[in-house]
Amino acid sequence: MKNLKIAIQKSGRLNEKSVQLLKNCGLDFENYKSSLITTVSNFNLEILFLRDDDIPGYVEEGIADLGIVGENVIDETESKVTYLQRLGFGKCTLKLAIPKDSDIQDLKDLNGKSIATSYPVILQNFLAEYNIQADIQEISGSVEIAPGLGLSDAICDIVSTGGTLKSNGLKPFADVRKSEAILIGRDGLEENEILCELLQRIQSVLRAKETKYVVLNVEKSNLPLITELLHGVKSPTVVPLAEEGWVAVHTVISEDDFWGKINRLKSAGAQGIVVMPIEKIIL
Ligand code: PRT
Ligand code: ZN
């Protein structure tokens, strides 16, 4: 079977998590920082390491079959690629921000103002949607310092914690678009067997991340209360303990659900609660 090629970021914010996701899928490869391509030894896949900005174009042109990249980059490059799977990392928001003491209060106040950004395409589309005429100043990095240098009245940049805005005397003003890392594919790949298997592995890793394996001990008489609280993959497994009248309950539960139920489980008599990570869940 012909290998598929997947493009991931060579270095930067998405590199480590992209590599980790592929490794968690059971793929065995050397993560050579210096090479541009590596072969997975136990799966029909080659990995290309690229600048994130180049990934959508490589996939659109079919040089790579698949890619992992932020949605912001796909939109900015206006590439025609297929969204295959949201990956839950690299989460951020492209925001408009203004100096703390700015008199801009409303989106319409941006009319006639200048906005510095590395995302001119997304920004232009956003402004057009709100019928705003502003002067877009395209700069490739350190956008946050533009207002301080007198280059612009506002900026449009990616924010995750908000720390960079704050330390540059800026405040968020409006959200332009949310983004996270996405698995994309070239056109016509949908039925490909290697892709189907890779997607199944990725989805089982993502599912496992949201869930925990929980074991707890309870007196047999309290078991109905506990099983009612726990709705796992199926009904929980119940195993007798050496101590007469006690059982251990094993189940799989979403982490959010678990934290919401912990106090009710304790009041229902649960003891010795152990929570463990899960590697994969195959449905
Ligand atoms: O070299 P290459 O071109 O591949 O990488 P790059 O420098 O263009 O991108 P990189 O590695 O910085 O980011 C890759 C992707 O990560 C982006 O396209 C986003 O989808 C996503 N991402 C998630 C972020 C952030 N969080 C983020 N915080 N990208 C950039 N930032 C920057 C932002 O530009 C700003 O300078 O971090 C600063 C703000 O962070 P906070 O936490 O202070 O708000
Ligand atoms: Zn980039």
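Student: Which range of relative accessible area makes a residue partly exposed, rather than buried or exposed?

Tutor: Buried means under 20% relative accessible area and exposed means over 50%, with partly exposed in between. In this predicted model, Asp-53 has a relative accessibility of 38%, so Asp-53 counts as partly exposed.

Student: Which residues coordinate the zinc ion (ligand 2)?

Tutor: Asp-52 and Asp-53 do so through their OD atoms, at 2.1 Å.

Student: Why is the arrangement around the zinc ion irregular?

Tutor: Ideal angles at a metal are 109.5 degrees for four tetrahedral donors. Four donors count as tetrahedral if all angles lie between 85 and 135 degrees. Here the 4 donor atoms subtend angles of 75 to 172°, and the arrangement is therefore irregular.

Student: Where does ligand 1 sit, and which residues come nearest?

Tutor: Ligand 1 occupies the largest pocket. There are 22 residues around ligand 1, and those that come nearest are Asp-53, Asn-72, Thr-161, Gly-162 and Thr-164.

Student: Which polar side-chain atom lies 2.5 Å from an oxygen atom of ligand 1?

Tutor: That atom belongs to Thr-164. In the side chain of Thr-161, an N or O atom is 2.6 Å from a ligand 1 oxygen. Arg-13 instead places a backbone N or O atom 2.8 Å from an oxygen of ligand 1. Of the 850 Å² of accessible area that ligand 1 has on its own, the protein covers 78%.

Definitions and conventions. Residues are numbered from 1 along each chain as its sequence is written. Chains are lettered from A and ligands numbered from 1 in the order in which they are written. This is a predicted model: local features need pLDDT of at least 70, side-chain atom pairs count only at pLDDT 80 or more; totals for chains, interfaces and linings use all residues. Side-chain values use heavy atoms; hydrogens and water are left out. Donors are N, O and S atoms within 2.8 Å of the metal (3.2 Å for Na, K and Ca); water is not among the atoms, so sites may look incomplete. Four donors count as tetrahedral if all angles lie between 85 and 135 degrees; four count as square planar and six as octahedral if opposite donors are over 155 degrees apart and all others between 65 and 115; anything else is irregular. Buried means under 20% relative accessible area, exposed over 50%, partly exposed in between (1.4 Å probe, protein chains only). A residue is near a molecule or strand if one of its heavy atoms lies within 4 Å of it. A polar contact is a pair of N or O atoms within 3.5 Å; within protein, one must be able to donate a hydrogen and the other to accept it, and residues adjacent in sequence count only if both atoms are side-chain atoms. Accessible areas come from the Shrake-Rupley method with a 1.4 Å probe; for residues, only the protein chains shown count as cover. On a 1 Å grid over the protein atoms alone, a cavity is a set of points where a 1.4 Å probe fits but cannot get out, and a pocket is an open set with protein on both sides within 12 Å along at least five of seven lines; lining residues have an atom within 4 Å of a point. A molecule sits in a cavity or pocket if more than half of its atoms lie within 2 Å of its grid points.
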